[in-house]
Amino acid sequence: ATQEAGLERMMAKVEGIWKATALEVKPYKDVKDLYVLGDTSEVVAGLDDSLVTVNTVLSSRFVAGIRESVDAWKQKLLLFSETLDEWLNIQRNWMYLESIFNAGDIRKQLPNESKMFQDVDVEWKATMKETQQYPVAKVCCTKPGRLERFRSANETLDSIQKSLEDYLLSKCVAFPRFFFLSNDELLEILSQAKRPQAVQPHLRKCFDNLVKLRFGDSDKSTDIFGMISGEGEEIPFYKMLKAQIGRAHV
């Protein structure tokens with residue numbers, strides 16, 4: 001009985017930790033009612049410690065009287081850990097894709113993927129708003145059905161990223177010098193397809209020592225009058241050229 005009481009105290013300590021531990025939730029981009037998870041390192045460390053404690057209790061030969069409740073706690077903690085992993089994965093993917101699909105040009109060029117992302121986006125925002133209002137970690141990460149929804153959302157986001165990579169590859173195949181750019185740099189250009197000057201910061205990577213084109217005075221001008229080297233030398237064009245804008249030329 002004394003040994004069993006000691007095991008019960010160990011479990012009571014685990015229960016006490018998760019009654020008080022909350023997820024850190026912080027605003028995202030100063031947008032009203034838009035939140036993301038903050039630092040989760042303490043929660044992860046607490047989970048690891050709690051699982052060690054539970055496994056220690058289960059390995060004791062005096063656990064028989066409380067085994068059922070200890071087993072239940074182990075399953076809760078495993079669910080907690082798996083859900084948090086999926087949650088953080090969604091957050092990373094969502095934060096990356098959110099900035100991409102905020103660009104109108106990308107939405108037009110990838111309408112199906114844009115719709116898929118919008119569906120995940122709506123659920124993500126609702127989940128994070130709910131979490132901000134009641135951030136108790138164990139409750140948030142063991143809510144029935146949440147793990148399955150997170151898995152489904154991650155599969156959707158993975159599919160969107162694959163389609164996005166295929167789309168970028170098609171642009172590189174159409175204009176092979178785009179292979180010299182990273183995906184993020186290429187997306188920066190494609191998300192501003194109606195603004196030819198968006199290509200300016202990336203010219204040096206695409207062409208040897210070509211650092212700038214001399215466009216017309218307007219920020220959206222499509223008139224090109226010459227090219228400028230890294231040494232500042234300008235080669236004027238024999239005649240003014242027009243930058244072509246449109247899906248076929250992006």
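Select lysine 143 first: in this predicted model, its relative accessible area is 32%, so the residue is partly exposed. Next, add glutamate 130, whose relative accessible area of 35% makes this residue partly exposed as well. The two side chains form a salt bridge, with the closest N and O atoms 2.8 Å apart. Lysine 143 sits in the loop between helix 6 (137-141) and helix 7, whereas glutamate 130 belongs to helix 5, so the contact ties together parts that are 13 residues apart in sequence. Now add Arg146 to the selection: salt bridges with shared partners join Glu130, Lys143 and Arg146 into one network.

**Along helix 5**

Remain on helix 5 and select lysine 129, which is partly exposed because its relative accessibility is 33%. Its side chain meets that of aspartate 33 in a salt bridge of 3.7 Å, N to O. Aspartate 33 lies in the loop between strand 1 (25-27) and strand 2 (35-37), and lysine 129 in helix 5, so this pair ties together parts that are 96 residues apart in sequence. Aspartate 33 also has a relative accessible area of 33% and is partly exposed.

Then select aspartate 119 and lysine 115. Their closest N and O atoms are 3.0 Å apart, in a salt bridge. Both residues lie in helix 5, four residues apart, which is about one turn of the helix. Aspartate 119 is partly exposed at 43% relative accessible area, and lysine 115 is likewise partly exposed at 46%. Side chains of opposite charge can pair when their charged atoms come close. The count of salt bridges in the model comes to twelve.

**Aromatic contacts**

Turn next to the aromatic side chains, for which a search of the whole structure finds seven pairs. For one of them, select phenylalanine 101 and phenylalanine 117: the ring centres are 5.4 Å apart and the planes meet at 15°, so the pair is stacked. Phenylalanine 101 lies in helix 3 (residues 67-101) and phenylalanine 117 in helix 5 (residues 111-133), so this pair ties together parts that are 16 residues apart in sequence. Both phenylalanine 101 and phenylalanine 117 are buried. Select also Tyr28, Trp94 and Trp124, which form one aromatic cluster.

**Surface patches**

Switch to a surface display and select Leu169, Val173 and Phe179, which make a nonpolar patch of about 300 Å². Within this group, leucine 169 is located in helix 7 (residues 146-174) and is partly exposed, with a relative accessible area of 45%.

For a patch of positive charge, select Arg107, Lys108, Lys194 and Lys220. Arginine 107 belongs to helix 4 (residues 104-109) and is partly exposed, its relative accessible area being 38%.

**Two final stops**

Select threonine 56 in helix 2 (residues 41-58). This residue has a relative accessible area of 40% and is partly exposed. Display the distance to tryptophan 18: the two residues are 38 residues apart in sequence, and their C-alpha atoms are 18 Å apart in space.

Finish at lysine 239 in strand 5 (residues 234-242). Is lysine 239 buried or exposed? Its relative accessible area is 57%, and lysine 239 is therefore exposed. Add phenylalanine 225, which is 14 residues away along the chain; the C-alpha atoms of the two residues are separated by 7.2 Å.

Key. Residues are numbered from 1 along each chain as its sequence is written. This is a predicted model: local features need pLDDT of at least 70, side-chain atom pairs count only at pLDDT 80 or more; totals for chains, interfaces and linings use all residues. Side-chain values use heavy atoms; hydrogens and water are left out. Helices (H or I, at least four residues) and strands (E, at least two) are DSSP runs, numbered from the N terminus. Buried means under 20% relative accessible area, exposed over 50%, partly exposed in between (1.4 Å probe, protein chains only). Patches are made of residues with over 30% relative accessible area and no salt bridge: like charges are joined within 9 Å, nonpolar side chains (Val, Leu, Ile, Met, Phe, Trp, Tyr) within 5 Å. Accessible areas come from the Shrake-Rupley method with a 1.4 Å probe; for residues, only the protein chains shown count as cover. A salt bridge is a side-chain nitrogen of Lys or Arg within 4 Å of a carboxyl oxygen of Asp or Glu. Lys and Arg count as positive and Asp and Glu as negative; His and the chain ends are not counted. The place of a charge is taken as NZ of Lys, CZ of Arg, CG of Asp or CD of Glu. Rings of Phe, Tyr and Trp (its six-membered ring) pair if their centres lie within 6.5 Å; planes under 30 degrees apart count as stacked, over 60 as edge-to-face and the rest as tilted.
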